[in-house]
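Biologist: I am new to this structure and would like a close look at a single part of it, the strands at the start of chain A. Please take me through that part slowly, and then go on to whatever else helps me find my way.

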Amino acid sequence: MTQDCLAELSGVSKRFGKVVALDGLDLQVRRGELFALLGPNGAGKTTAISLLLGLQRPDAGTACLFGQSPLLVETRRQVGVMMQEAALAPELRVHEQIDLVASYYPNPMTPVAAMEMTHTEALADRPYGKLSGGQKRQVQFAIAFCGRPKLLFLDEPTVGLDVQAREMMWATLRQLVNEGSSIVLTTHYLEEAEVLADRVAVLAKGRMIASGSVNEMRALVVRKHISCSTSLSIEQVRTWPDVESATRDHQGLHITAGNAESVVRELLAADENLEDLEVRRAGLAEAFTELTQETAP
Amino acid sequence: MNASTFALGRELPRISAMPIARLFRAYLTEAKYESIRALRAPAFAIPFLLLPTVIYVLIGVFLIGSMSHGDPKIAVTMFVNFATFGVMGPGMFGFGMFVATEREQGLLNLKRALPMPPKAYLLAKMLMTMLFAAIVMVTLIAAALAVGHLRVSAGQFLLVTLIEMLGSLAFCSIGFFIGTRASGKSAPAFVNLAYLPMMHLGGLFYPLPKSAQPIEFLSPAFYLTKLGLHILHTPSLDEISSGATGPSSHGGVVVCVAVLVGVTLLFGWLAIRRFQRLA
């Protein structure tokens, strides 16, 4: 493990009865990056995180955190965690929840500082059990970073948040990364990974089927989207060789093409009054769908 | 550094040492918040803090006291019996229900993923139970002094309180054992299945018929009560009903202590084994 690699799974396999959760998975989390782990339900994301946190042990291969066993409490003092399903004590107030978790770390933030970063100061004296779902997620987020960890594991952090709270969390995540923290994020919101992640890995059936930057992932899908306002008919456009599909709505004509450049040339040649031409690469969502469909049974 | 910034060093990843003072603070903080949350949970605090004293006053003092025409031996015996009843509940339900629920709802997993000191979880629950036991004992003593017609020295009260608090650990172990096996919803039922027979067959509220008295030996409550009665030189309800006037004769101190320690260790060991397997 290099010094720039904070967490690593090497050749890890894990079974639950007859179900293979992970099948020879290799995965590295590097220093200072926001790493998004994507995959359909049952792909093995949660198992991979559990192994890195020492909550489970691999059947084969090794899991390392800061070059050591994740089972050591000393190792986990470098780590913050936000789990998707963890009901905190409903009787404790928000500032007490943060104070409790902060006490586990050698050099934590004060509860006030953690609440400032998550904009939850107004909730400080509210019992956790009386918070809304979104407010609970914000408190769990504050708990995750209140110990100033070098590596944060966030499992679906923005589920249940409204748009404003989600954008505030994104801003805090960027701030944490800019200040040197590393983050492992699992999310079902591909838009979130697209906006935040430096690097993305896609898991399916316990294996990594692709990894790289968001742009590299998008590039795996060669097709592009073309939109324009034109008098050309859908039927006419569909006959062109590089056009995969064409639809029309009130905004104009939408074409999916393997070779966008040749289709654009044909469009401009066929309609000199063509307007609002726009060419887009495939998004991460499309790349994800394509990648995971390839591995579907 | 601004309070809301999150500055991290650019040094190579290394393991931060936890100063002993901070480690000690982590244990204390865990115990503090475990106690606060239990005190704030009405479904837990009200029955286990108030009920023993209320029932002691109603049944132990007024009902049985008037039936026995103020017999001082019975007054002391009822005090000790209700003290044992009072410390059983927090131990068994505090561990049984909380561990089962926290295990099921993911809090235990989160705490294991976080750098919570390894023994803090159990120590915090034990201290919470002993705090509840202490509160129960203080309210029982206050009631006993106010209406219970007890002639007991302060030293004896203190000794009985200490023994009941330490004895509550046996019930913590049994509750912990149940909490590591039962689901959150079924834990109260399983705890009651152990708690109610232990309480009634331990001879706490009424003397058992002679033929049923051997069953008492199966209940840890019996041995804890015996220890308290031994300190106060008073016979048990069974012994009073069979005409004894002197101090408790059977179930010597060594046997009682050995049984309570044995129950604590046995169920504690089984529970910890299971707890580690869950981990």
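Modeller: In this predicted model, β1(A) and β2(A) form a hairpin with two residues between them, and in the turn A:G17 has a positive phi of about 65 degrees. The two arms of that hairpin, strand β1 (residues 5–16) of chain A and strand β2 (residues 19–30) of chain A, pair in the antiparallel sense over eight bridges, and one place to look along them is A:E8, which stands opposite A:Q28 in β2(A). β1(A) also pairs with strand β4 (residues 60–65) of chain A, again in the antiparallel sense, over five bridges, and here A:L9 is the residue that stands opposite A:A63 in β4(A). As a general point, side chains in a regular strand alternate between the two faces of the sheet.

Further along chain A there is another strand with two partners, namely β10(A), which pairs with β12(A) and also with β13(A). Strand β10 (residues 224–229) of chain A meets strand β12 (residues 252–257) of chain A in the antiparallel sense over five bridges, with A:L253 in β12(A) as the bridge partner of A:C228. The pairing of β10(A) with strand β13 (residues 275–281) of chain A is likewise antiparallel and runs over five bridges, and there the bridge partner of A:S227 is A:E278 in β13(A).

Chain A also touches chain B, in a contact that takes 42 residues from chain A and 36 residues from chain B. On the side of chain B that touches chain A, the elements that give two or more residues are α1 (20–40) and α4 (107–113) of chain B, and the largest share, nine residues, comes from α1(B). By class, the residues on that side of chain B divide into 22 nonpolar, seven polar and seven charged.

Within chain B, finally, the axes of helix α5 (residues 120–147) and helix α6 (residues 154–179) come within 9 Å and cross at roughly 140 degrees, and α5(B) and α6(B) are therefore oblique to each other. The crossing in which α5(B) passes α6(B) is right-handed. Among the residues that make this contact are B:M126, B:M130 and B:M137 of α5(B), together with B:F157, B:M165 and B:L169 of α6(B), and by class the contact of α5(B) with α6(B) has 10 nonpolar, three polar and one charged residues.

Note on methods: Residues numbered from 1 in each chain as written. Chains lettered and ligands numbered in written order. Predicted model: local features only at pLDDT ≥ 70, side-chain atom pairs only at ≥ 80, totals over all residues. Pairing = 2+ DSSP bridges. Helix = DSSP H or I, 4+ residues; strand = E, 2+ residues; numbered from the N terminus. Contact = placed C-beta atoms within 7 Å. Nonpolar A, V, L, I, M, F, W, Y, C, P; charged D, E, K, R; others polar. Axes fitted to C-alpha atoms, helices over the stretch in contact; angles between N-to-C directions. Parallel < 35°, antiparallel > 145°, perpendicular 65-115°, else oblique. Left-handed = near helix turned anticlockwise from the far one by under 90°.
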